[in-house]
Structure formats: C-alpha cells, structure tokens
Amino acid sequence: MRLEVRTIASMEAVPARQWNALIDADQPFLRHEFLHALEASGAVTSATGWTPAHLLVWQEDILVAAVPRYYKSHSRGEYVFDWSWADAWERAGGDYYPKALTAIPYTPAPGTRASISARIEKPAAVFAALAEHCCDERLSSWHLLFAEDAEVDAWKVAAPELLERRGVQFQWHDAGYGDFDGFLAAMSSKRRKEIRRERRRVAEQGITLSRLTGEKIGSAALAHFYRCYQMTYLERGQRPYLPFDFFQRLQRTLPEALVLVQAQVEEQPIAAALCLQGNKTLYGRYWGSEVEADCLHFETCYYQGIEHCLENGLTRFDPGTQGEHKLMRGFAPRQLRSLHYIAEPDFRRAVAHFCAQERAHIELYYRQAQERLPFRHNVTISQRESS
C-alpha cells in the first residue's frame, strides 16, 4: 500500500493523540507535549535557529510514522559537534547552513527518532520513503543524532551513503541490586567508602534531599528550580536555552514524566535537578544550585536518581552528557551512534575520512572507560542490552 510523506511546520499541525499513538512509553522527549512545549514557548522557532519541518508518513488516512526534523541556521544545542565541518565547507566557499537535523532540541538523550506504527509489517519501506526526504541535495547536509542501534542500521540500509559517527555517554543500569546498599555492595571497598563519604558530607552540611513527582511539583518548587537552572548558564556568561514557560507547559501537560530533586537547608530550597522519566528509564537533564556545597552535585544529580530508579522499578538512568567522573559512581560507558548525510561528494569523502579516524579514538576511549568501572566484577553493558 502506498506511503505518503508530508512535512508539517509545527507540532500544532498534528493532533497529539495521533502523534503519541506512535511513541514508545519510554520516550518522554518524543511525546507531542514535549515537542510542542519547545515550539510554543519560543525555545524552538526560526528566530532561535530551529525551524520545524517534521515528517509524517501516512498510509491512506492513517498516520503510520513520525519523525521530528528541523532546519538549522547554526549547530548549537545538538551535542554532536560539527562546527569544524561547517568551518571547512564555508572556507571552501560553500554554505553549510541551513542544514537539516533530526534530533530532540537541546536534549542529548538516546532514543527512537523515527516512530513507526506496529501495523507496518515492513518498516524498511518507511525508512526508504523518509530517506528520500532527508537526503535532500538542496541542503548541505542532514544529521540524525542519538538514535538507537536498530534504527541506525535501518537508516543505513535505506541510504548507504550515510556516514556514521560514534560517541560515548555514561549510563547506570540496575543489575538486580535491590536497593542502594545492594548497589554499593557490588563495588570495590574503596569506591563504596568514597560514595558513602560523599553522601555523608552532604548531610554534615545540613542539607536534606527530597524528590517530588508529577502533580506534587508545585509552582513554587518549579519557580525555584528555574532560578537554579538559570544560574548554571549565567555562571558561564550564557543565557539558558529554555524559558520558564517551557517548564510550566510540561508541568501542565506532561506532569507524569517529571521528577524534581530538591536540596534544602532548614526547609529552604538551595538546589534542584529536574529529570524526566519513561516506563523504564530516568533521564537526568536540568540542574542548578544557589550555593556551593561539597558533593551536592553528585548527591542531587546522581545518587538521588539511582535511588529513585531502585525504588520505582526503573532499570536505566541516563544522567546526561559528559563526565568521566560518572564512571567512579557506577555509570557504565555506552557507545552512541549518529548518522550524517553530506550532499557534496568531495566533501562527503573528507568527512568520511574524519569519521573513520575519530571512530578509532572513540573505540579506544570506550575500552579504557570500561576498565575503570568500580565494580568488583566489572559489568560490561552491550549495545543491545543498553538500548
């Protein structure tokens, strides 16, 4: 049966019910409410360099696939950096921007990017139809970021000219620990003592932690979180990507996905971290503090999240990008994959050479990171197991 691919200029152009019917329950960032909040709050618009151009695949009058896509006039907020590619192409006299991007804005969390209905018996046909629209020679490039392995493989079959890059993030996985003490028991004695010391140090400073979920996150708690979130950017001389209105919209439309960790001294909030959760995974995303306190970041952003997972049956905790310091706190390395279509053949060959060299370094880094895990019997998380 014939597939028709259409482009829409905003999330408002598709009913939330139809879009969300395709979305995996572990993917809060792909939900209509999240993507619409980005656009409606002004965080993702042509004025900020993100022009929505989402792809919908229809089979007769039934929506069978959806892909978030944007035309970008810069490379900020992506976390798979192509600044050097843009510079090289523009030095050669080309126009790198606008480019096309399939990713979740400002959100380096791995997950599904092409959501396809279970009624489609041969998803390869959907990927082939989508590839014709994404690999558009009128633009310099198209980039697919932080997709899961099975999807990356499907895209590469549909469009063999796609170039692959690798990266590394650190994620926690429940290996049947039971509770936080069980998690620590799996570690070497040295690391177990160090984590206990870090948690004790937070308590010795008079700091207590609480976790608020869903509708228990009140307006005052959300407003305090946003002040802290702003400070994280202001300390670097930057403005935050996301306005307060974005978080207010999530609070109204997607409360079940929100987990707010709040640090307090004498019942007064001093720091906060806002996470999103699916049915299996906790995603740590936004953090800030009004004070400098020893080990507070580790407690608020890592240990509280691990405890939340263990208490609520979540099996994976993705705390965000960067940070080799996560290794020593039980977060295992995971290789992530991205795909890149480069329209100009000579430039594509140069980028392919770069990707091949980079991948060798990533492979070495990944192996070295695995060797530094603090468990008594090192846990190796395969790509399939971590998906």
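## Fold and strand pairing in a predicted chain

Of the contacts in the chain between residues at least 6 apart in sequence, 75% join residues at least 24 apart. The model is predicted. Its secondary structure comes to 11 helices and 15 strands.

**Overall dimensions**

The chain has 387 residues and a radius of gyration of 21 Å, which agrees with the value near 21 Å for a compact globule. Along the principal axes, the C-alpha trace spans about 60 × 45 × 45 Å. Buried residues make up 56% of the 387 residues. The chain exposes about 17,100 Å², and carbon and sulfur atoms supply 49% of that area. Charge is counted as 46 positive and 49 negative groups. The mean positions of these two sets are 3 Å apart.

**The four-stranded sheet**

One open sheet has four strands in the order E1-E3-E4-E7, with antiparallel pairing. Its edge strands are E1 (3-8) and E7 (115-116), each of which pairs on one side only. Strand E4 covers residues 62-67 and pairs with E7 over two bridges, in the antiparallel sense. There, Ala 66 has Ser 115 of E7 as its bridge partner.

**Strands E9 and E12 to E15**

Which strand does E9 join through nine bridges? The partner is E15 (residues 332-342), and the two run antiparallel. Gln 171 stands opposite Ala 332 of E15. Strand E9 also pairs with E14 (residues 316-318), again in the antiparallel sense, over two bridges. In that pairing, His 173 has Arg 316 of E14 as its bridge partner.

How many of the 11 residues of E9 are buried? The count is 10, so E9 (residues 163-173) is largely enclosed by the rest of the structure.

Strand E14 also pairs with E13. Three bridges join E13 to E14, and these strands run parallel. Leu 282 stands opposite Phe 317 of E14. Leu 282 of E13 also stands opposite Gln 277. That second contact belongs to the pairing of E12 and E13, which is antiparallel and has seven bridges. A hairpin of three residues joins E12 to E13.

Strand E13 (residues 281-289) has eight of its nine residues buried, so it is largely enclosed by the rest of the structure. In a regular strand, side chains alternate between the two faces of the sheet.

The pairings with stated bridge counts are set out here.

| Strand pair | Sense | Bridges |
|---|---|---|
| E4 and E7 | antiparallel | two |
| E9 and E15 | antiparallel | nine |
| E9 and E14 | antiparallel | two |
| E12 and E13 | antiparallel | seven |
| E13 and E14 | parallel | three |

**Backbone details in the loops**

Three loop residues deserve a look.

The peptide bond from Tyr 97 to Pro 98 is cis, with omega near 5 degrees. Pro 98 sits in the loop between helix H3 (83-91) and strand E6 (99-102).

Tyr 106 is in the loop that follows, between E6 and E7. Its phi is near 60 degrees, a positive value in a residue other than glycine. Is Tyr 106 buried or exposed? The relative accessibility is 9%, under the 20% limit, so Tyr 106 counts as buried. The loop of Tyr 106 ends at E7, an edge strand of the four-stranded sheet.

Glu 266 also has a positive phi, of about 50 degrees, although it is not a glycine. This residue lies in the loop between strand E11 (258-265) and strand E12 (268-277). Glu 266 has 73% relative accessibility, over the 50% limit, so it counts as exposed. Thus one positive-phi residue, Tyr 106, is buried, whereas Glu 266 is exposed. Strand E12 follows Glu 266 and is the strand that the hairpin joins to E13.

**An arginine in helix H1**

Arg 17 lies in helix H1 (residues 16-20). Its relative accessible area is 65%, so Arg 17 is exposed. Arg 31 is 14 residues away along the chain. The C-alpha atoms of Arg 17 and Arg 31 are separated by 9.9 Å.

Terms used. Residues are numbered from 1 along each chain as its sequence is written. This is a predicted model: local features need pLDDT of at least 70, side-chain atom pairs count only at pLDDT 80 or more; totals for chains, interfaces and linings use all residues. Side-chain values use heavy atoms; hydrogens and water are left out. Two strands pair if DSSP finds at least two bridges between them. The radius of gyration is taken over C-alpha atoms; the globule rule is 2.2 Å times the number of residues to the power 0.38. Buried means under 20% relative accessible area, exposed over 50%, partly exposed in between (1.4 Å probe, protein chains only). Contact means heavy atoms within 4.5 Å. Accessible areas come from the Shrake-Rupley method with a 1.4 Å probe; for residues, only the protein chains shown count as cover. Lys and Arg count as positive and Asp and Glu as negative; His and the chain ends are not counted. The place of a charge is taken as NZ of Lys, CZ of Arg, CG of Asp or CD of Glu.
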